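Hi,

Here is the structure I promised to pass on. Have a look, and my notes follow below.

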Amino acid sequence: MMGHSFSFSPIARIRSCYPERFGIPRQAGLVPSAYAEVVFERTEANRLALRGIEQFSHLWILFVFHRQHYPKKFKPLVQPPRLGGRKTMGVYATRSPNRQNPIGMSAVLLDGLAETAEEIVLQVRGGDFLDGTPVIDVKPYVGYADAIATAHSPWQAEPLLPVVWSEPVQAVLAQTPAAPRLRQVIEETLAQDPRPAHERGRDGQPGQEWNMQLGCFSVFWAVDARRVRVTRLVLRAEEPESELA
């Protein structure tokens with residue numbers, strides 16, 4: 001290994017609509033409506049460092065996989081979900097969070113910049129962030145340099161599943177102030193089929209129900225006839241009141 005080591009301190013943290021790892025999109029951009037905030041401490045240095053950022057439509061967010069379990073010894077092979085979770089591939093040929101250095105990077109849409117008495121907030125969409133994620137850098141996305149028209153990849157976009165809602169579930173959703181935004185995020189997230197890799201691509205067992213936390217809801221769903229059926233929405237009692245609720 002190289003002889004140098006480096007230490008980084010977070011510059012900001014993420015407030016995300018995904019309070020748990022299960023169900024988070026496997027890549028940024030797959031759920032365009034996924035909303036989050038990059039929260040900086042309100043200091044003069046941060047205000048100056050962010051000057052001009054609102055001129056850019058998109059940003060690169062570099063962050064730490066802070067709740068990922070890492071073995072003591074580096075494992076160079078991983079089993080990516082795109083291969084069904086059973087075949088191995090070199091970690092550097094994947095986007096797996098199980099890396100030697102737990103660093104992630106995501107391109108997101110910048111929705112706006114806001115400032116309160118204590119915070120400076122970048123409002124973003126399309127991320128794949130866990131709530132509380134530490135941010136180690138923010139860079140502008142520059143289209144003429146970052147978008148490579150000739151790039152190719154062995155990974156192909158997976159087909160989306162249609163999402164259906166029962167009337168009782170829609171009634172629960174309609175009672176929530178952020179209903180339109182939450183409905184869109186839930187639909188786009190479930191259409192990705194967030195089940196474990198070995199379960200995806202096939203219908204679930206009769207009576208099988210899955211659950212994930214999203215925004216102010218605990219969302220329950222089942223998969224049958226190659227479609228997602230939202231079965232229940234339960235308001236999360238522990239969800240604090242905030243712009244993300």
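Let me start with β10: 4 of its 5 residues are buried (under 20% relative accessible area; exposed is over 50%, partly exposed in between, with a 1.4 Å probe and protein chains only), so β10 is largely enclosed by the rest of the structure. Strands here are DSSP runs of E, at least two residues, and helices are runs of H or I, at least four, numbered from the N terminus.

Before you dig in: this is a predicted model, where local features need pLDDT of at least 70 and side-chain atom pairs pLDDT 80 or more, while totals for chains, interfaces and linings use all residues. Residues are numbered from 1 along each chain as its sequence is written, and side-chain values use heavy atoms, without hydrogens and water.

β10 pairs with β11 in the antiparallel sense over 5 bridges (pairing takes at least two DSSP bridges), and W210 sits opposite W221 in β11. The two strands form a hairpin with 2 residues between them, and G215 in the turn has a positive phi of about 60°.

Now the largest nonpolar core (buried Ala, Val, Leu, Ile, Met, Phe, Trp, Tyr and Cys joined through side-chain atoms within 4.5 Å). This core has 30 residues, and V219 is among those with the most contacts inside it. Its largest share, 6 residues, comes from α4. A second, separate core of 18 residues includes L50 and V135.

Finally, there's a closed barrel of 6 strands, β1-β2-β7-β6-β3-β8, with antiparallel pairing. Within the barrel, β6 and β7 pair over 6 bridges, and G112 stands opposite Q123 in β7.

Cheers
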